[in-house]
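Colleague: I'm new to this one and could use a guided look at a single part of it. Could you take your time and walk me through it?

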Amino acid sequence: MNIMYKGKVGTLLLFCSLWTFNFSQAQSVMDVLQNNNQTTEFAQALEQANLDEQLNNAGPFTVFAPTNEAFNSLRDWQKTDENILLNHIFTGLATARRLRVMSNVTSLGGKTVTISGDQGNISIASQPIIENNIRANNGVVHIIDGVIR
């Protein structure tokens, strides 16, 4: 019985150490945007607009982040337009699986955007999602090949 008890304690300690390791590695939505080489321009614009602190809060948030190439197609004044930036951020957690059954969502900018697609492809405001379900400790990021205006 003593061996069985030690085995359970060992398993519990291993689980706790793995959980602590994963928890300490957790990133916020903003961290994910800053550390993904496809979304650094969008992350920089969020910082300049002072929206980064909000994306470090509890959330949950769903962010449809434009690629650097798509974001750089904007004019300079559009890159700092708070409404354009907020059009990419939604409250709540919407994974790709959930998006497939949704028809529209309203962004923090107040814009209602259409979600369309089938089992393989999903688009938000006619912008295709090219990478989905990048998890963060306060939400999820989907990378889109365009800008929601």
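How much accessible surface does the protein have, and what share of that belongs to carbon and sulfur atoms? After that, please zoom in on helix α3: which of its residues are buried?

Modeller: Sure. Bear in mind that this is a predicted model, where local features need pLDDT of at least 70 and side-chain atom pairs count only at pLDDT 80 or more, while totals for chains, interfaces and linings use all residues. Residues are numbered from 1 along each chain as its sequence is written, and side-chain values use heavy atoms, with hydrogens and water left out.

Your surface question: the accessible surface of the protein comes to about 8,800 Å², and 50% of that belongs to carbon and sulfur atoms (areas by the Shrake-Rupley method with a 1.4 Å probe; for residues, only the protein chains shown count as cover). Of the 149 residues, 40% are buried, meaning under 20% relative accessible area, with exposed over 50% and partly exposed in between (1.4 Å probe, protein chains only).

There are 7 helices and 7 strands; these are DSSP runs, H or I of at least four residues for helices and E of at least two for strands, numbered from the N terminus.

Now for α3, which spans residues 40-48 and has F42, A43, A45 and L46 buried. Those four sit on the same side of α3, because they cover an arc of only 160° around the axis (the arc is that of the directions from the helix axis to the C-beta atoms). And what covers them? The list includes α2 (29-35), β1 (61-66), α4 (68-71), α5 (76-79), α6 (82-86) and β2 (89-91). Just after the helix, N50 takes a positive phi of about 60°.

F42 deserves a second look. The structure holds 2 aromatic pairs, and one of them joins F42 to F71, edge-to-face, at 5.8 Å centre to centre with 75° between the planes. For the terms: rings of Phe, Tyr and Trp (its six-membered ring) pair if their centres lie within 6.5 Å, and planes under 30 degrees apart count as stacked, over 60 as edge-to-face, the rest as tilted. This pair links distant parts of the chain, as F42 in α3 and F71 in α4 are 29 residues apart. F42 counts as buried because its relative accessibility is 0%, and F71 because its value is 2%.

In the other pair, F64 and F90 have ring centres 5.2 Å apart and planes at 80°, so that one is edge-to-face. Here F64 in β1 and F90 in β2 are 26 residues apart, and both are buried.

Key: Contact = heavy atoms within 4.5 Å.
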